[in-house]
Amino acid sequence: MNDFNFFAAMLVGMAGGIHCVGMCGGIVGAFSYAVPKEKSLLPYTLAYNFGRIISYSIAGAITGWAGQIFSRQVDQGLIVLQFVSSLFLLILGLYIAGWWFGLRKIEQFGTLLWQHLQPLSKRFIPFKSPLHALPYGMIWGWLPCGLVYSMLTWSLAGGSAQNGALIMAGFGLGTLPIMLLMAAGFDGIKQGLQQPVVQKMMGLLLVFFALFQLYQVIERSIH
């Protein structure tokens, strides 16, 4: 996998931070109550997010491996997967901009798995140490999320388990700044990102990037 995909995934994660504010804002707020009052919040927050990124990377490795098998079995299979991933990125941009919310229906597919995983997270709270926040974050990394699912289609087109894992790791790192700021209580950042004009700008950037990806895929399929 080239460096462009890794850093592009990070940028998508940063742009998608708007979705994280709405989706995970309440989770981050509740998370602070599980940390001992006399302890610093930062080590627990880092451990939680590290666990979350681990789960993203595992999911990326699985989808990347599945995509590799598909591309070997189907003629121009990798081109097909790249087209699908670009299409999902386009849908994500429309979703973040508030122009189309079809991605919410896709989130429902992960609900069944989440119903079994979510109760397990209660075993680790309240946190006795930052190590307890690590598996807690790994569980919450499987929270049904259209943003994550869109990125998983990108890792599906990564060509291998390693590339899929790296794409999702880059994405997870991109979401890290906004998650840390929310945990630190920077409500001004949260309110700013939820402004309609900011959402539309971020969504539009993702739409342009998706269209650029689609153009590249179509060009490769022709040649």
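The paragraphs below lead through several local features of this structure, which is a predicted model.

A good place to begin is the loop between helix 2, residues 17-33, and helix 3, residues 41-73, where Ser-40 is found. With a relative accessible area of 47%, Ser-40 is partly exposed, because that class takes in values from 20% to 50%. A polar atom of the Ser-40 side chain lies 3.5 Å from the backbone nitrogen of Leu-42. Ser-40 can also be related to a part of the chain distant in sequence, since Pro-130 stands 90 residues away along the sequence, while the two C-alpha atoms are 10.0 Å apart in space.

The next stop is the loop between helix 3 and helix 4, which holds Gln-76. The phi angle of Gln-76 is near 55°, a positive value in a residue that is not glycine. Gln-76 has a relative accessibility of 45% and therefore counts as partly exposed.

Another backbone feature appears in the loop between helix 6, residues 111-121, and helix 7, residues 130-140, which is the place of Pro-126. Here the peptide bond that joins Ile-125 and Pro-126 is cis, with an omega of about -5°.

From the loops the reader can turn to the interior, where the count comes to two cavities of 30 Å³ or more. The second largest cavity holds about 50 Å³ of space, and its lining is made by Ser-85, Ser-86, Leu-89, Ser-150, Met-151, Trp-154 and Gln-213. Two or more of these lining residues come from helix 4, residues 77-97, and likewise from helix 8, residues 146-156.

The last stop is on the surface, where Trp-99, Trp-100, Leu-204, Phe-208 and Leu-211 make up a nonpolar patch of about 520 Å². One of these residues, Leu-211, belongs to helix 11, which covers residues 196-222. Why does Leu-211 count as partly exposed? The reason is its relative accessibility of 42%, a value that also satisfies the requirement of over 30% for residues that form a patch.

Taken together, these stops include a serine in the loop between helix 2 and helix 3, a glutamine with a positive phi, a cis peptide bond before Pro-126, a cavity of about 50 Å³ and a nonpolar surface patch to which Leu-211 contributes.

Methods: Residues are numbered from 1 along each chain as its sequence is written. This is a predicted model: local features need pLDDT of at least 70, side-chain atom pairs count only at pLDDT 80 or more; totals for chains, interfaces and linings use all residues. Side-chain values use heavy atoms; hydrogens and water are left out. Patches are made of residues with over 30% relative accessible area and no salt bridge: like charges are joined within 9 Å, nonpolar side chains (Val, Leu, Ile, Met, Phe, Trp, Tyr) within 5 Å. Accessible areas come from the Shrake-Rupley method with a 1.4 Å probe; for residues, only the protein chains shown count as cover. A salt bridge is a side-chain nitrogen of Lys or Arg within 4 Å of a carboxyl oxygen of Asp or Glu. Helices (H or I, at least four residues) and strands (E, at least two) are DSSP runs, numbered from the N terminus. Buried means under 20% relative accessible area, exposed over 50%, partly exposed in between (1.4 Å probe, protein chains only). A polar contact is a pair of N or O atoms within 3.5 Å; within protein, one must be able to donate a hydrogen and the other to accept it, and residues adjacent in sequence count only if both atoms are side-chain atoms. On a 1 Å grid over the protein atoms alone, a cavity is a set of points where a 1.4 Å probe fits but cannot get out, and a pocket is an open set with protein on both sides within 12 Å along at least five of seven lines; lining residues have an atom within 4 Å of a point. Grid points are joined across faces, edges and corners, and a volume is the space filled by probe spheres set on the points.
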